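Visitor: I should like a close look at a single part of this structure, the contact between its chains. Please set out how that part is built and how charged side chains are placed there and elsewhere.

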There are 2 protein chains.
Amino acid sequence: VFVDTRIIGVDLGGTRMRVALLDADYNLLNRVEEPTNAHEGPDKVIPRLLDLIASVVDAADVPVAGIGISSPGPIEPETGAILSPPNLPGWVDVPLGRIVQERWPDIPVFLGNDANVAALAEVYNGAAIGHKHAIYITVSTGIGGGIVIDGQLFLGGRGLAGEIGHTVLIADGERVSSLEEEAAGPALAEYAARRLQAGEESIIREMVGGDLEQVTGKIVGQAAQQGDTLALEAVARTGRLVGYGIASLMHLFNPTIFVIGGGVSNLGDLLFEPMHEAARSMVIDPAYYDHAAIVPAALGEDVAIIGAAALALQELKQA
Amino acid sequence: VFVDTRIIGVDLGGTRMRVALLDADYNLLNRVEEPTNAHEGPDKVIPRLLDLIASVVDAADVPVAGIGISSPGPIEPETGAILSPPNLPGWVDVPLGRIVQERWPDIPVFLGNDANVAALAEVYNGAAIGHKHAIYITVSTGIGGGIVIDGQLFLGGRGLAGEIGHTVLIADGERVSSLEEEAAGPALAEYAARRLQAGEESIIREMVGGDLEQVTGKIVGQAAQQGDTLALEAVARTGRLVGYGIASLMHLFNPTIFVIGGGVSNLGDLLFEPMHEAARSMVIDPAYYDHAAIVPAALGEDVAIIGAAALALQELKQA
């Protein structure tokens with residue numbers, strides 16, 4: 001059925017937008033990109049995105065069977081509207097799915113949240129091939145997720161499921177905060193900066209020229225890779241907290257694999273060891289931990305394009 | 001297809017075991033029960049359970065199409081073994097499903113976790129009729145759950161999903177604890193006892209004759225219903241913590257209804273108002289809260305029998 005199928009994968013990111021033509025085996029046949037310049041707002045950005053898609057559609061060797069779009073933020077499935085995405089400030093309720101569909105009325109258009117479609121990409125063409133129950137977690141400036149159940153992207157009752165970063169992790173008296181608020185890149189930076197402020201020694205102080213406002217998650221990660229004790233503890237704390245989140249997800253979803261992506265995941269064992277240890281320490285039965293792999297993502301910057309194409313292929317197969 | 005179908009529903013509880021004959025509309029046609037005496041261990045209890053089931057099978061007016069069993073604790077789906085259930089101390093890896101199947105080789109036997117099957121019962125014959133995406137949470141001596149996705153009980157990759165009580169709710173430095181450890185009946189009692197110990201006024205002190213060891217969740221609930229300030233705050237705290245758990249589940253599963261059962265849920269608004277408020281306060285988009293009802297369970301002590309029968313009917317329909 002899908003011999004010679006061509007799919008367009010679109011990645012609308014906060015900094016860059018990428019469009020590619022793919023075949024049904026997820027080979028990228030043609031790929032273009034340009035800066036998003038999200039601050040210009042949807043009225044300027046969307047026409048440029050449509051032109052970018054058109055350049056790939058028009059150059060396709062066989063007719064395009066579907067267009068899959070990866071976008072930040074929760075998406076209202078009935079209207080294809082992007083709901084207040086943190087990476088696209090000012091984009092409120094933009095009906096991107098409908099806009100693209102109106103431009104190409106004969107090509108089915110599918111819109112998915114970036115972390116959600118990344119989960120599909122890893123299951124169909126990445127680190128979780130062969131797994132029917134998989135959870136993808138991206139740890140970078142935020143914490144996003146995608147949940148695959150029985151080989152399908154799980155979206156819940158109204159399409160908004162899988163927002164792993166917004167689970168409540170700390171509810172201790174006055175302090176209530178989410179996994180993302182406690183463990184994503186900015187939290188990693190804040191934690192380190194707080195200890196630096198208190199006068200602790202660390203090479204981070206030098207790296208930012210004494211200006212603690214300049215501490216980022218990336219810098220803390222670099223310091224950890226150089227063996228800095230404070231930075232190592234900060235990274236381990238993030239790993240531990242993500243590990244507790246994983247323990248929760250093990251009890252709720254009992255998947256057979258977790259795939260960890262995002263910039264922070266590049267820290268390898270410094271992050272993964274405390275993550276494993278925390279998850280293992282909190283399961284009520286070893287079966288939850290023993291039968292669930294926890295692995296780094298296999299796909300790089302094209303993960304959203306591949307995931308958008310996987311979403312389109314999945315939906316077309318069911319139609 | 002299911003005209004005149006007869007199903008056996010079995011509820012193996014920590015204190016009582018109940019067996020009933022049901023029709024496909026969940027009418028209870030015949031019902032027997034006796035104390036479990038779980039302390040006698042599986043070697044004594046299981047033969048008595050088999051006799052109880054046999055008495056109902058033999059008295060059925062038409063042949064029995066299936067036997068559904070509700071049991072405490074996580075269940076290994078491949079072997080039908082009960083894994084270390086907290087309500088049946090000493091029952092480790094008891095292959096109850098296989099034992100019952102061997103006794104009635106011609107009747108398909110299905111085994112489910114008590115809170116999981118309660119979710120099915122509420123969806124098919126209780127407070128969540130018509131909902132395809134529903135989450136059941138029972139708050140009593142523990143916190144259990146059951147998750148229904150697309151009208152089916154969700155069990156995850158290896159049958160162990162839905163253990164809502166074991167999600168990590170507090171991960172603050174040295175203190176790491178689960179929703180169950182923080183919010184179930186025993187935690188409600190401990191919280192009140194701690195404040196009483198510190199010298200605060202409350203009618204609870206009188207109710208337990210000054211012996212703080214005697215404080216239970218039930219007593220705290222009774223004091224709250226009489227307007228006792230400390231007890232009201234303790235109940236509100238439990239409501240708030242369960243509400244944070246609900247907020248997490250809204251982001252992960254985006255269901256259209258939550259059904260709250262278990263003894264603690266009988267406290268009504270004293271519990272439900274802080275629960276609603278906490279859930280509402282933590283969602284990243286109003287859509288998560290606005291489209292999800294939070295309602296008390298509709299079924300009483302027969303919920304596990306009805307759920308066990310619903311599990312059997314669901315599996316038979318798919319066979």
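Guide: The account below begins with the interface and then turns to charged side chains and one helix.

This is a predicted model, in which local features need pLDDT of at least 70, side-chain atom pairs count only at pLDDT 80 or more, and totals for chains, interfaces and linings use all residues. Residues are numbered from 1 along each chain as its sequence is written, chains are lettered from A and ligands numbered from 1 in the order in which they are written, and side-chain values use heavy atoms, with hydrogens and water left out.

Chain A gives 44 residues to the contact and chain B gives 44 residues, contact meaning heavy atoms within 4.5 Å. About 3700 Å² is buried between chain A and chain B, with 65% of that area from carbon and sulfur atoms; buried area is the accessible area (1.4 Å probe) that two parts lose on being put together, summed over both. Across this interface, 20 residue pairs are in polar contact, both residues being at pLDDT 80 or more. A polar contact is a pair of N or O atoms within 3.5 Å; within protein, one must be able to donate a hydrogen and the other to accept it, and residues adjacent in sequence count only if both atoms are side-chain atoms.

On the side of chain A that touches chain B, the elements giving two or more residues are strand 9 (143–149), strand 11 (168–172), strand 12 (175–178), helix 8 (229–253) and helix 10 (286–290) of chain A. Helices (H or I, at least four residues) and strands (E, at least two) are DSSP runs, numbered from the N terminus. Helix 8 of chain A supplies the largest share of that side, 8 residues. The residues of that side comprise 24 nonpolar, 15 polar and 5 charged; Ala, Val, Leu, Ile, Met, Phe, Trp, Tyr, Cys and Pro count as nonpolar, Asp, Glu, Lys and Arg as charged, and the others, Gly among them, as polar.

Between chain A and chain B there are 2 salt bridges, each a side-chain nitrogen of Lys or Arg within 4 Å of a carboxyl oxygen of Asp or Glu. A:Asp172 pairs with B:Arg175, with the closest N and O atoms 2.8 Å apart. B:Asp172 forms a salt bridge with A:Arg175, where the corresponding distance is 2.9 Å. This pair runs between chains, from strand 11 of chain B to strand 12 of chain A. B:Asp172 is partly exposed at 26% relative accessible area, and A:Arg175 is partly exposed at 34%; buried means under 20%, exposed over 50%, and partly exposed in between (1.4 Å probe, protein chains only).

A:Asp285, in the loop between helix 9 (269–282) and helix 10 of chain A, is buried yet has no salt bridge. The nearest side chain of opposite charge, B:Arg158, is 9.3 Å away, where Lys and Arg count as positive and Asp and Glu as negative, His and the chain ends not being counted. Leaving aside residues up to four places away in sequence, A:Asp285 touches B:Leu83 and B:Ser84.

Within chain B, B:Arg195 and B:Glu233 form a salt bridge (2.8 Å, N to O). That pair joins helix 5 and helix 8 of chain B, 38 residues apart. B:Arg195 is buried at 16% relative accessible area, whereas B:Glu233 is partly exposed at 35%.

Helix 7 of chain B has as its buried residues B:Gly217, B:Ile219, B:Val220, B:Gly221, B:Ala223 and B:Ala224. They pack against helices 5, 6, 8 and 9 of chain B.
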